Amino acid sequence: MKLTELTIAEARRLLAGREISAVELTRAFLERIEAVDSKVKSYLLVTPELALAQAEAADRRRRSDGHSSSPLLGIPLALKDVLCTRGTRTTCGSRILESFVPPFDATVVARLREAGAVFLGKTNMDEFAMGSSTENSAYFPTRNPWDLDRVPGGSSGGSGAAVAADLCVAALGSDTGGSVRLPASFCGLVGIKPTYGRVSRFGLVAYGSSLDQIGPMTKTVADAAVLLEAIAGYDPLDSTSIDQPVPQYRELLSGDLKGLRIGVPKEYFVEGMQAGVAATVRAGIDQLADLGASVGDATLPHTKYAVAAYYIIAPAEASANLARYDGVKYGLSCGGVDIWEHFARTRQTGFGEEVKRRIMLGTYALSAGYYDAYYLQAEKARTLIRSDFERAFEQFDVLVTPTYPTVAFGLGEKADDPLAMYLGDICTLPANIAGIPGIAVPCGLVDGLPVGLQILGRWLDEPTLLRVAHAFEQVSGWNARRPPELVSERK
Amino acid sequence: MKLAPTEVEHVALLARLGITSSEVERFSEQLGAVLQHMDTLGELRQVEILPTSSATTLKTVMRRDEARPSLPISEVLANAPQSEDGYFRVPVVLEHGAEGATGSEDAS
């Protein structure tokens, strides 16, 4: 087995047994990134000196810490470029932050540093996390390792592609409307959007502050549990952070599914959905039933408002969050005859098309005369979507749905139709709107491309999600599938 | 449905976004199409329900009013496009006097 194919659990065993060193493991990834990432384009910035310094420190620490080492000590990870990393350029996939070097770490980054993880670099993303394909990156699109002419999903497409192409052991992404779960599913990975407030957003460059969460993207459910445990927890620097202890997720994976009540909401099997995707997800649900769970039909009648609600709320919040990009304190600065021209030119030049579109949409929805028509109604929809889930969770323990209506689409295929792109997010948006947790796990292939199954749970019920996902993974075997070899010549 | 060009320009002004005439045209159509989809929310106008502004149940989280160490000024200004004497330098905000460009400190 190649070093770059190891999971966190496998790497930890080899590191603990002194069979490999963190430096060797890190070098293996740096070499593979060098050989292969020109085809995948998952990284915006590779940080070899930082990575090797961290790896050396991890090896020294293991010699003194021994068996008490954190499970992430010496493990090479990739970080979505939306996370502030002190002293390391952070662009959010935008030209307006092309030169920005944060003077502080995001809380999750600080926690991973403390745990002794190794940072291989910052991954590509849709600009300011706005997108579902990573095509909105101001730098270049990332390609899906399963088919290089297809998108990896977004907005955490760089992280997804990096994990799927063995260019890191695991990665962090962020999820505002599906941006961890969708690329996880397009790339055949496990991805978690935690309960809102479970993971600190301090240092996560804000897009939709009432929706954003940071989540792991990994090869296995066990790996996701380890990474989630490391980053979760109360943070006084994030006033929306939940002050409740973090369960030992990695110890809570086993257990059968007897008595588990699974609901399947019909509204998520949308019209126009790719037939193979629906069938593959339903086959996955049957496998869960075979494991002892009971499966029933659920209904979440206000799902039909989710796209409209999200594409009002998120852009509205973004219009406020992105007001800070003014070329005064950091980033691109275009100047002008006065400050007003300076703002207009800086933001016109620095922001890409999708970002402008969403800022405009959000500004419009919040402006005088339109606030009641759009924003207020969207917030009502939010209440209704949330109570749909509360009602469903009286009857069921988890809800299982597809992650996306299709498998990965071709690069450029949806470029001219923003609305079509937005409508695809129907399966993932509601969890962000309601603040409940969700996990995506691979459940099969259609035309050689991965299909993801999404499991949604009650507020703070990550343990049940992990247990169900882990049980599914053991029988489905889909996490063992790899994309075709990338190193050989491809046209 | 299309947004009127004047509306698009007005929104761009509110958002401090410079915008070209071809962008006005393009956004006028695209935003119009997206907003048309939002019309489904109109069904909720008659629904009597409290809006939810957040996914969290937390309210007005406070902390003790204690001074804590902050970033040193040098780090704060490290990314500044223009700075002087510990301040961020910006183009003129308000003109002084009616005689034209007096005291202008543009950032070119």
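**Pockets, helix packing and local geometry in a two-chain model**

The secondary structure of chain B amounts to three helices and two strands, and if we read along the sequence, these elements follow the pattern α-α-α-β-β. I should say at once that what you have in front of you is a predicted model, so please hear every value in this talk as computed from that model. Staying with chain B for a moment, it has 108 residues, of which 27% count as buried, and among its contacts with a separation of 6 or more, 30% are made by residues 24 or more positions apart.

Let me turn to the empty space. Rolling a probe the size of a water molecule over the atoms shows where empty space is left. The largest pocket holds about 530 Å³ of space, and its lining is made up of 23 residues, with A:Cys84, A:Phe100, A:Phe104, A:Arg324 and A:Tyr330 lying nearest the centre. What does that lining look like by class? There are 15 nonpolar residues, together with three polar and five charged ones.

The second largest pocket has a volume of about 300 Å³, and here residues of chain A and chain B appear together in the lining. From chain A we have A:Phe104, A:Asp105, A:Ala106, A:Thr107, A:Ala110, A:Arg111, A:Phe202 and A:Leu237, while chain B supplies B:Pro69, B:Ser70 and B:Leu71. Divided by class, this lining has seven nonpolar, two polar and two charged residues. You may have noticed A:Phe104 in both descriptions, since this residue is one of those nearest the centre of the largest pocket and also lines the second largest one.

As for enclosed space, a search of the whole structure finds five cavities of 30 Å³ or more. The largest cavity has a volume of about 70 Å³, and of the 14 residues that line it, A:Gly131, A:Ser132, A:Gly177, A:Ser179 and A:Asp425 are the closest to its centre. The lining of this cavity comprises five nonpolar, seven polar and two charged residues.

Next, helix packing in chain A, where I would like to follow helix α7 through two of its contacts. Helix α4 of chain A, residues 107-114, and helix α7 of chain A, residues 221-231, pack at an angle of about 110 degrees, and their axes are 8 Å apart. That angle makes α4(A) roughly perpendicular to α7(A). The residues that make the contact are A:Val108, A:Arg111 and A:Leu112 on α4(A), and A:Leu227, A:Ala230 and A:Ile231 on α7(A); by class, five of them are nonpolar, none is polar and one is charged. A:Arg111, which takes part in this contact, is also listed in the lining of the second largest pocket.

How does α7(A) lie against helix α15 of chain A, residues 462-476? The two pack at an angle of about 155 degrees, with 9 Å between their axes, and they are therefore roughly antiparallel to each other. On the α7(A) side the contact is made by A:Val221, A:Ala225 and A:Leu228, and on the α15(A) side by A:Glu462, A:Leu466, A:Ala469, A:His470 and A:Glu473. This contact has five nonpolar residues, one polar residue and two charged ones.

I will finish with local backbone geometry. Most residues other than glycine have a negative phi, and most peptide bonds are trans. Against that background, the peptide bond from A:Gly154 to A:Ser155 is cis, with omega near 5 degrees, and A:Ser155 sits in the loop of chain A between β3 (118-123) and α5 (157-164).

Two aspartates deserve a look for their phi values. A:Asp447 has a phi near 55 degrees, a positive value in a residue other than glycine; its place is the loop between β10 (438-446) and β11 (449-457) of chain A, and with a relative accessible area of 69% it is exposed. In chain B, B:Asp85 has a positive phi of about 50 degrees although it is not a glycine. B:Asp85 lies in the loop between β1 (83-84) and β2 (87-88) of chain B, and its relative accessibility is 71%, so B:Asp85 counts as exposed, the cut-off being over 50%.

One last residue is A:Ala9, in helix α1 (residues 8-16) of chain A. A:Ala9 is partly exposed, at 46% relative accessible area, and its C-alpha atom is separated by 9.8 Å from that of A:Ile75, which is 66 residues away along the chain.

Methods: Residues are numbered from 1 along each chain as its sequence is written. Chains are lettered from A and ligands numbered from 1 in the order in which they are written. This is a predicted model: local features need pLDDT of at least 70, side-chain atom pairs count only at pLDDT 80 or more; totals for chains, interfaces and linings use all residues. Side-chain values use heavy atoms; hydrogens and water are left out. On a 1 Å grid over the protein atoms alone, a cavity is a set of points where a 1.4 Å probe fits but cannot get out, and a pocket is an open set with protein on both sides within 12 Å along at least five of seven lines; lining residues have an atom within 4 Å of a point. Grid points are joined across faces, edges and corners, and a volume is the space filled by probe spheres set on the points. Ala, Val, Leu, Ile, Met, Phe, Trp, Tyr, Cys and Pro count as nonpolar, Asp, Glu, Lys and Arg as charged, and the others, Gly among them, as polar. Axes are lines fitted to C-alpha atoms, for helices over the stretch in contact, and angles run from 0 to 180 degrees between N-to-C directions. Helices (H or I, at least four residues) and strands (E, at least two) are DSSP runs, numbered from the N terminus. Angles under 35 degrees count as roughly parallel, over 145 as roughly antiparallel, 65 to 115 as roughly perpendicular and the rest as oblique. Contact means heavy atoms within 4.5 Å. Buried means under 20% relative accessible area, exposed over 50%, partly exposed in between (1.4 Å probe, protein chains only).
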